[in-house]
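Thanks, everyone, for making the time this morning. I would like to walk through one model with you, going slowly where the backbone deserves it, and I will take comments at the end.

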Amino acid sequence: MSALETQTKKIYEPRFNPETNKYEDHLPWDSPYLRNKPVITCPCTMYDFNSKTSYTQHIKRTTHEKWLDNYKVPDESDELKKEIKDLRIDNGKLVKEITKLKNKLSKKNIEIERVQAEIGSLKKKNEQLVNEGYYSCTSDEEEMD
Ligand SMILES: [Zn+2]
């Protein structure tokens with residue numbers, strides 16, 4: 001891995017100029033004289049730069065100028081609306097899943113009740129047979145006199 005890749009990349013953001021009512025390019029570092037400048041990625045072409053020279057050349061490119069012209073700050077409320085929609089869909093799926101599992105559980109409970117009733121009646125039958133002189137099939141003890 002190169003030294004450039006090990007650094008965390010920042011996304012380049014143009015700065016809004018209230019006088020022109022437009023977004024404008026601005027040098028993304030506090031000082032152009034900073035040594036080992038952090039790598040900045042420009043979203044227009046995902047272009048990485050970490051020098052003033054490469055930055056200055058990059059912002060003159062047509063693709064970059066077009067990107068800047070159409071630049072809009074990602075609208076948070078739009079993203080939240082999308083997130084709410086996604087969460088509602090997820091919630092709907094989960095409610096469906098819970099209903100399915102509840103149905104499965106109540107079917108299992110009915111099955112358990114049925115099996116328990118069967119065990120009860122088999123125990124009674126077994127008791128009866130023991131009383132009539134047969135060995136118990138549920139006990140290891142020999143109940144012979
Ligand atoms: Zn760019």
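Let me start with the sheet, which in this predicted model is an open one built from three strands in the order β1-β4-β5, with mixed pairing. Its edge strands are β1, at residues 10–11, and β5, at residues 47–49, each of which pairs on one side only. As a general reminder, the strands of a sheet pair through backbone hydrogen bonds, and they may do so in a parallel or an antiparallel way. Here β4, covering residues 40–42, runs antiparallel to β5, and three bridges join the two; if you want a pair to look at on the screen, Cys42 stands opposite Tyr47 of β5.

The loop between β4 and β5 is where you will find Met46, and this residue has a positive phi, near 55 degrees, without being a glycine. Is Met46 buried or exposed? Met46 is exposed, because there are 9 other C-beta atoms within 10 Å. For context, most residues other than glycine have a negative phi.

Asn21 is another non-glycine residue with a positive phi, in this case about 60 degrees, and its place is the loop that runs between β2, residues 15–17, and β3, residues 22–24. Asn21 counts as exposed because it has 7 C-beta neighbours inside 10 Å.

Stepping back to the whole chain, we have four helices and five strands, and read from the N terminus the elements follow the order α-β-β-β-β-β-α-α-α. The protein has 145 residues, of which 4% count as buried. If we take the contacts between residues at least 6 apart in sequence, 38% of them join residues that are at least 24 apart.

One of the residues that does count as buried is Ile59, because 20 C-beta neighbours lie inside 10 Å of it, and 20 is the number at which that label begins. Ile59 sits in the loop between α2, residues 52–58, and α3. Leaving aside residues up to four places away in sequence, Ile59 touches Asp25 and His64. Its C-alpha is also 9.9 Å from that of Cys44, with the two positions 15 residues apart in sequence numbering.

The next loop, between α3 at residues 62–69 and α4, holds Tyr71. Tyr71 counts as partly exposed, because it has 16 C-beta neighbours inside 10 Å. With residues up to four places away again left out, Tyr71 touches Pro14 and Tyr23, while Glu13, 58 residues apart from Tyr71 in sequence, is 9.3 Å from it, C-alpha to C-alpha.

That brings us to α4 itself, which has 56 residues, from 76 to 131. How far does α4 reach from its first C-alpha to its last? The distance is 80 Å, close to the 82 Å expected at 1.5 Å a residue. This helix is hardly covered, since the count of buried residues among its 56 is zero. Just after α4 comes Gly133, with a positive phi of about 105 degrees.

Finally, a word on confidence, which I would ask you to keep in mind when looking at the chain start. The mean pLDDT of the protein is 87, and 87% of the residues reach 70 or more. Over residues 1–5, however, pLDDT stays under 50, and the model has three contacts for this stretch beyond four places in sequence. Where pLDDT is low, predicted coordinates should not be read in detail. I will stop there and take your comments.

Key. Residues are numbered from 1 along each chain as its sequence is written. This is a predicted model: local features need pLDDT of at least 70, side-chain atom pairs count only at pLDDT 80 or more; totals for chains, interfaces and linings use all residues. Two strands pair if DSSP finds at least two bridges between them. A residue is buried if 20 or more other C-beta atoms lie within 10 Å of its own, exposed if 12 or fewer, and partly exposed in between; C-beta atoms are placed from the backbone. Two residues are in contact if their C-beta atoms, placed from the backbone, lie within 7 Å. pLDDT is the predictor's confidence in each residue, from 0 to 100. The expected span of a helix is 1.5 Å times one less than its number of residues.
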